[in-house]
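Me: I have a structure open in front of me and would like to learn how to read it. Could you take me through its features?
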Amino acid sequence: MSDDSALWLLLGPAGAAGFYWAMYRYYRNTDKSHAFERETRVEAQPITGSDRKVDTIIGTRETRIRGDNVDAYRQRVRRVRISGDGGSEDDG
Amino acid sequence: MPTSPPPSAPSGPGSPRDVPPAPGQLPLDPDALPGPIRDELLAPDPVAIDTAAEELKDGLNRCPKCGASDIRQKPGSDLLICLYCRHEWQGERVEEAFGLGEGIDRLRGTVIASGARDIDAGSAALVSFKCAGCGAEVTVNTEAGMTARCHWCRHVFGVNEQIVNGAVPDAVLPFHIKKEDAVARIRQFVDKRRLFALKEFKEQFTPENVTGVYLPYMIVDANARAEVAGYGEIETRRYTRGSGNDKKTYYDADVYAVERQVSFTVDDLPLESSRSRGNLDTRVNTNNIINAILPFDTKNAVKWNASYLSGFSSEKRDLDVAQLMPVLDDQLLSIARAQVEGSVRRYDRGVRWEEEAIDVRGSRWVAMYLPVWLYSYHQPGPNGGMLHYIAVNGRTGETMGSIPIQHWKLLLAALAAGTVLEALAIWIVGHT
């Protein structure tokens with residue numbers, strides 16, 4: 001039996017688990033909370049920043065950057081102190 | 001199952017640390033499911049009212065002259081106008097009365113409204129009055145309500161002066177959704193989730209037992225600056241090596257060090273100011289349900305008046321501004337991360353933020369009672385079981401709930417689904 005057909009045979013267990021998981025969430029709504037990121041009135045000034053090329057990766061098999069958290073807004077990362085003067089500079 | 005609540009906030013899929021999915025999203029395709037399940041999934045949700053609607057702008061205010069409630073804001077001014085007798089007057093909305101919503105970008109330091117002051121630990125929850133009608137002593141238990149009736153002369157009292165036990169907020173948002181409406185919404189919500197619901201829950205389901213509760217919140221305006229730093233990757237080449245079954249895809253990418261800064265103001269962010277309600281661990285409680293029906297149209301809140309609370313129960317605030325500061329920092333950081341997301345779209349292999357910083361330059365805190373219709377069901381089990389809530393937003397009608405599950409039934413259905421898929425898989429493998 002090839003790798004491919006072994007993969008096909010996982011369809012049953014995966015489907016059962018997926019169904020259970022989806023219906024559990026539909027009934028219990030454990031994934032719901034206040035979406036304050038998009039439901040609160042936020043007025044932001046233009047975003048500033050810098051982008052600096054630091055490295056090149058050749059021949060990786062990963063489809064995304066490791067530890068991608070660009071849309072996991074609520075996942076906290078290391079807290080540091082604000083670097084600027086903390087005052088009211090409005091850099092353009 | 002954990003035996004006690006964990007010390008740190010829960011994280012990972014299924015916790016409120018997870019960014020909630022957009023409304024109406026379901027990981028399953030309903031069309032691929034059997035009829036009864038599909039019907040449940042596709043039944044309409046209770047409708048939530050758009051609070052931007054002009055007719056809600058009046059709150060529950062009545063014309064002081066004639067008592068009619070057909071009141072509109074006079075265009076271009078702060079005045080309210082009664083459409084019945086044409087009487088005009090200044091609305092009692094705290095937004096205008098206290099100047100909230102203005103000058104958030106100029107906020108500096110922590111501004112605390114009088115009703116949001118620190119709670120005096122020594123102050124009692126029981127407040128007693130001398131009845132003006134008959135002289136009897138009347139006690140109001142502010143843990144659960146803000147009004148009481150003198151049992152001698154039937155005179156009704158309300159706690160109107162601000163006392164330091166945290167029970168009197170700055171403002172209150174009166175109920176707009178009526179009880180019958182809330183009952184109908186809860187019924188509609190549950191009807192969409194009957195197939196796999198716990199049998200006892202279905203048998204004991206009496207939405208008429210829903211209670212109107214005023215829950216304590218802090219409504220926060222803030223002015224902050226955030227900085228984030230991390231790495232982003234842009235794909236430069238994609239190619240496959242090997243052949244047949246050993247074909248593998250490889251990627252080349254450029255790595256960038258990314259930094260972003262953003263200054264922003266946040267208007268009316270609601271934070272739970274009750275310790276127990278603020279605990280959103282979905283493994284031990286269903287408070288995330290009440291959290292999910294936020295936000296409210298807090299702009300329409302009116303100055304505190306205990307008579308709004310007669311007939312409803314209320315919960316007391318037990319958290320101070322200082323204790324809620326870390327929660328505010330956390331939510332502001334989340335908002336900042338959401339704000340900068342648009343500026344890093346060109347990193348098509350994603351961004352890994354590694355550092356973040358927040359500087360809250362100014363914040364303004366207002367204590368407010370918000371109206372919630374709550375239906376609860378206690379599911380017995382280990383560690384005291386689980387209290388399931390179905391909550392209806394008392395202003396917008398947004399409905400959310402947690403329905404206890406009949407696990408064996410769902411498990412059986414999942415196994416059946418798995419068996420069908422497995423049979424299909426075996427057939428495919430046999431024919432290739």
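Reply: Gladly! Let us begin with contacts: two residues are in contact if their C-beta atoms, placed from the backbone, lie within 7 Å. Keep in mind that this is a predicted model.

Me: Which residues does B:Met368 touch, leaving out those up to four places away in sequence?
Reply: B:Met368 touches B:Pro169, B:Asp170, B:Ala171, B:Val172 and B:Leu173, and also B:Tyr217, B:Ile219, B:Thr298 and B:Ala301.

Me: Which residues touch the most other members of the largest nonpolar core?
Reply: To read a core, look for buried nonpolar residues joined through C-beta atoms within 7 Å. In the largest one, with 78 residues, B:Leu332, B:Ala336, B:Met368 and B:Ala391 touch the most other members. Several elements of chain B each supply at least two residues of this core, including S10, S11, H6 and H7. The largest share, 14 residues, comes from S14(B). Another core lies apart from it and has 14 residues, among them A:Phe19, A:Tyr27, B:Ile405 and B:Leu421.

Me: Now the helix H7(B): how far apart are its end C-alpha atoms?
Reply: Here we can check a length. At 1.5 Å a residue, the 21 residues of H7(B) should span 30 Å, and the end C-alpha atoms are 30 Å apart, so the two values agree.

Me: What covers the buried residues of H7(B)?
Reply: First, the buried residues of H7(B) include B:Val321, B:Leu328, B:Leu332, B:Ala336 and B:Val340. Their cover includes H3 and strand S1 (41-44) of chain A, together with strand S4 (109-112), S10, S11 and S14 of chain B.

Me: How many helices and strands does chain A have?
Reply: Chain A has 3 helices and 3 strands. Reading from the N terminus, the order is α-α-α-β-β-β. Of the 92 residues of chain A, 22% count as buried.

Me: How do I read the interface, and how many residues of chain B are in contact with chain A?
Reply: The size of an interface is often given as the accessible area lost when the parts come together. Here we can count residues instead: 87 residues of chain B are in contact with 71 residues of chain A. On the chain B side, S11(B) gives the largest share, 21 residues. That side divides into 46 nonpolar, 18 polar and 23 charged residues.

Me: Do the strands S2 of chain A and S11(B) run parallel or antiparallel?
Reply: Antiparallel: 10 bridges join strand S2 (residues 48-60) of chain A to S11(B). To see the pairing on your screen, find A:Ile57, which stands opposite B:Ala253 in S11(B).

Me: Which backbone angles should I look at?
Reply: Try phi at residues that are not glycine. A:Asn29 has a positive phi of about 50 degrees and is found in the loop between helix H2 (11-28) and helix H3 (36-39) of chain A. B:Arg86 also has a positive phi, of about 65 degrees, and lies in the loop between strand S2 (79-82) and strand S3 (88-90) of chain B.

Me: Why does A:Asn29 count as buried, and why does B:Arg86 count as exposed?
Reply: Count the C-beta neighbours inside 10 Å: 20 or more make a residue buried, and 12 or fewer make it exposed. A:Asn29 is buried because it has 23, whereas B:Arg86 is exposed because it has 10.

Me: And where is B:Pro295?
Reply: B:Pro295 lies in the loop between H6 and strand S12 (302-303) of chain B. The peptide bond from B:Leu294 to B:Pro295 is cis, with omega near 5 degrees.

Definitions and conventions:
Residues are numbered from 1 along each chain as its sequence is written. Chains are lettered from A and ligands numbered from 1 in the order in which they are written. This is a predicted model: local features need pLDDT of at least 70, side-chain atom pairs count only at pLDDT 80 or more; totals for chains, interfaces and linings use all residues. Helices (H or I, at least four residues) and strands (E, at least two) are DSSP runs, numbered from the N terminus. Ala, Val, Leu, Ile, Met, Phe, Trp, Tyr, Cys and Pro count as nonpolar, Asp, Glu, Lys and Arg as charged, and the others, Gly among them, as polar. Two strands pair if DSSP finds at least two bridges between them. The expected span of a helix is 1.5 Å times one less than its number of residues.
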